[in-house]
Amino acid sequence: MNVIIRVIFLVFGLICFSCADNDLPTETDTQPNGSGYGKIIINVSYAQQLKKLSKIADIVPVEQVTAFVYSDGCADSEHELIRQNLTISNNVATGTLTVIAENNLIVDVVFYTTGLVSYMGRDEDVDVPSGGETTADILLQSLTMTITAPSYALVDDYYEITWTEILLDDLTYEVHEAQNSSFTGSHIIHNSHYTYCEASHDSAGTTYYYRGRVVTMYGSGVWNDGVVKTHITLDTGQIQFTIPLPGGIEFSDDGINVLPGTSPSYSILETKTITLGSASSDEPEPGVSVQWEQVSGPEVDLYGVPSEDASVFVPYVPGTYEFVKTETDENGEVTDTETTTVVITPITPEEIGISMVPISDGYLLMGSNDYGYNNTYEHTVSLSAFSISRTEITQPQFESIMKGFNPSSMQLDYLPVTDVNWYDATDFCNRLSQACGFEECYYYTSSGAFNCDFSKNGFRLPTEAEWEYACRAGTSARFIYGNDTDDLDRVAWYCWHNSPMDHDYNANCLMPCGIKEPNPWGLYDILGNAAEWCNDWYYSEYYQLSPRDNPTGPVVGVQKAIRGGSYSCTFRADCFNRRGVLVMERYPWLGFRIVRAAQ
């Protein structure tokens, strides 16, 4: 995975000059004089100017001040007339330069600190009369770049590094990048006058450091350092949400070890390889037969296990697995037995990053007479307590349970899993229930129908009523916190066509879960980002038929209900909109979250 970094440069020059670090300029050897010449008086009291500049750069002691004069309005080596060091006294730089008498001369005054250009000023329209004198009006600019950078980065996304404006021409911008604050092993990622550059990285959770300086024809400016944390996983310290980040899961003979959760790396809850017996390579004695038998635990297929010690795969189902090896001689007498026991303990949802939010029982005035689509019949429902996942199910969470399967068309860690059909979502619920040691909610009937048993204690998809109750979180507004799109922007990544502004959006692709504000009950992305499957069959007139207590939708149907809208304009994001999708359909804007009845 790559993190793409866009750096925005504040640029005001068009010409790039070469320079050498730490070489102070020397004065012109021959000073012109005689007829056809005039004088330029320079008197720069820089103390007051530097105090004004202190807001954007630290004032540093001045080591040398040099004035440069150019003819024909061109500041380059071919048009240089003279260079002369100015006298420094009491924060005032003074000097008199004798130059050819002509109009449109350029005068640059450059301030050096330890060989670096720290300040610079220019008067680009100086007219020198023959035999007379004139004064250059020099306004100083700091050449120190004050870098401002975000504190985290998203996968395959752009973010900006900006710095203070420098109102001078003839500049280039040099930016270095490193993975340490001392910049050991740093490399240049930009060295030109262009306004942006691009860089890419594939190191998750790495902190990148950046420092920049201005490069002029008179030398390099002072370095200024900034820091950017390019965490592919979200930086919880910055965006302020409390979703546990998934860690790895590794198997051991004692069960499951859960690794720290700050990296997008993880293991898949699929199978565990165990060795039956002592793994001896010795063949059985002639006339001795060996047989393996499973005596306890969820069933394991031992077909094809050879008579000698061997390895078998144990599916990830919590339980105690016990296998017995029996050796018999040619007379059928038991000569030896050996037992192998493996314990696989249940996990918790939190161990793979799924945070469940408890929702108390209560009443909901469901639907709206004013907003939404296919929901215009307001009716009261009563709901029992349940818990719901704080975010949409992410791709790492889905893969860890589904043996590495990830149908998402945009595959990046901590994006919601998408392109899942209804059966994928319910299969995930059953597998997660099994891994946690709970009862499976979904089952096939004798007629082949796939139903949900609401009496079971495992995970399932929310009913439409549960979804709307959790989404609105005690509010009555269209977008949770209000009825304006500004309120929607607080909580959702969305895109609308045919809105009051014709086309209103703040995202055109999936975004990582948990960046926007949560609703009052702590649920993220309940509106927008990915639309969400519900358990109910969809029927546009169901609200008029709905029972009051814990409605679960029509008994049969063709489509399943989806709610919440998405980043795509395909389906609007608000608390009331409802729509149906065929159970086998997959869309890049459609995902799900899970619920579990209160126990």
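Helices (H or I, at least four residues) and strands (E, at least two) are DSSP runs, numbered from the N terminus. This is a predicted model: local features need pLDDT of at least 70, side-chain atom pairs count only at pLDDT 80 or more, and totals for chains, interfaces and linings use all residues. Residues are numbered from 1 along each chain as its sequence is written, and side-chain values use heavy atoms, with hydrogens and water left out.

**Whole chain**

Show the whole protein chain. Its secondary structure comes to six helices and 39 strands. Of its 599 residues, 51% are buried. Buried means under 20% relative accessible area, exposed over 50%, partly exposed in between (1.4 Å probe, protein chains only). Contact means heavy atoms within 4.5 Å. Among contacts between residues at least 6 apart in sequence, 67% join residues at least 24 apart.

**Stop 1: the five-stranded sheet**

Select E4, E3, E7, E8 and E10. In that order, these five strands form an open sheet with antiparallel pairing. Two strands pair if DSSP finds at least two bridges between them. The edges are strand E4 (80-85) and strand E10 (139-142), each paired on one side only. On average, neighbouring strands of this sheet are turned by 20° against each other, direction ignored. Axes here are lines fitted to C-alpha atoms, for helices over the stretch in contact; angles run from 0 to 180 degrees between N-to-C directions.

Now zoom to strand E8 (residues 116-126). E8 and E10 pair in the antiparallel sense over four bridges. Pick Gly121: its bridge partner in E10 is Leu140.

**Stop 2: His187**

Move to strand E14 (residues 187-192), where His187 lies. His187 is partly exposed, at 40% relative accessibility. Which residues does His187 contact, leaving aside its neighbours within four places in sequence? They are Val175, His176 and Glu177. Add Tyr210, 23 residues apart from His187 along the chain: the two C-alpha atoms are separated by 9.8 Å.

**Stop 3: Tyr321**

Go to strand E24 (residues 319-328) and select Tyr321. Is Tyr321 buried or exposed? Tyr321 is buried, because its relative accessible area is 0%. Add Ser296, 25 residues apart from Tyr321 along the chain; their C-alpha atoms are separated by 5.6 Å.

**Stop 4: E27 and E28**

Select strand E27 (residues 362-366) with E28; they pair in the antiparallel sense over five bridges. Gly362 has Leu383 as its bridge partner in E28. Four of the five residues of strand E28 (residues 379-383) are buried, so E28 is largely enclosed by the rest of the structure.

**Stop 5: the four-stranded sheet and H5**

Select E26, E29, E39 and E32. In that order, these four strands form an open, antiparallel sheet. Strand E26 (356-359) and strand E32 (459-460) are at the edges with a single partner strand each, so one side of each has no neighbour in the sheet. Strand E29 (residues 386-389) and strand E39 (residues 595-597) pair over three bridges. Ser387 stands opposite Arg596 in E39.

Add H5. This helix packs on the sheet, touching E26, E29, E32 and E39, and its direction makes about 75° with that of E29. How many of the nine residues of helix H5 (residues 464-472) are buried? Nine of the nine are, so H5 is largely enclosed by the rest of the structure. Among them are Glu464, Glu466, Trp467 and Arg472. Just after H5, Ala473 takes a positive phi of about 50°.

**Stop 6: two loop residues**

Most residues other than glycine have a negative phi. Asp419 has a positive phi, near 60°. Find Asp419 in the loop between helix H3 (395-401) and H4. At 10% relative accessibility, Asp419 is buried.

Asn550 also has a positive phi, near 45°. Select Asn550 in the loop between E35 and strand E36 (559-563). With a relative accessible area of 35%, Asn550 is partly exposed.

**Stop 7: the largest pocket**

End at the largest pocket, with a volume of about 290 Å³. On a 1 Å grid over the protein atoms alone, a pocket is an open set of points where a 1.4 Å probe fits, with protein on both sides within 12 Å along at least five of seven lines; lining residues have an atom within 4 Å of a point. Volume is the space filled by probe spheres set on the points.

Select Asn451, Cys452, Trp537, Val555 and Lys560: of the 15 lining residues, these lie nearest the pocket centre. Helix H4 (422-435), strand E31 (450-452) and strand E35 (531-537) each give two or more residues to the lining. By class, the lining has nine nonpolar, four polar and two charged residues. Ala, Val, Leu, Ile, Met, Phe, Trp, Tyr, Cys and Pro count as nonpolar, Asp, Glu, Lys and Arg as charged, and the others, Gly among them, as polar.
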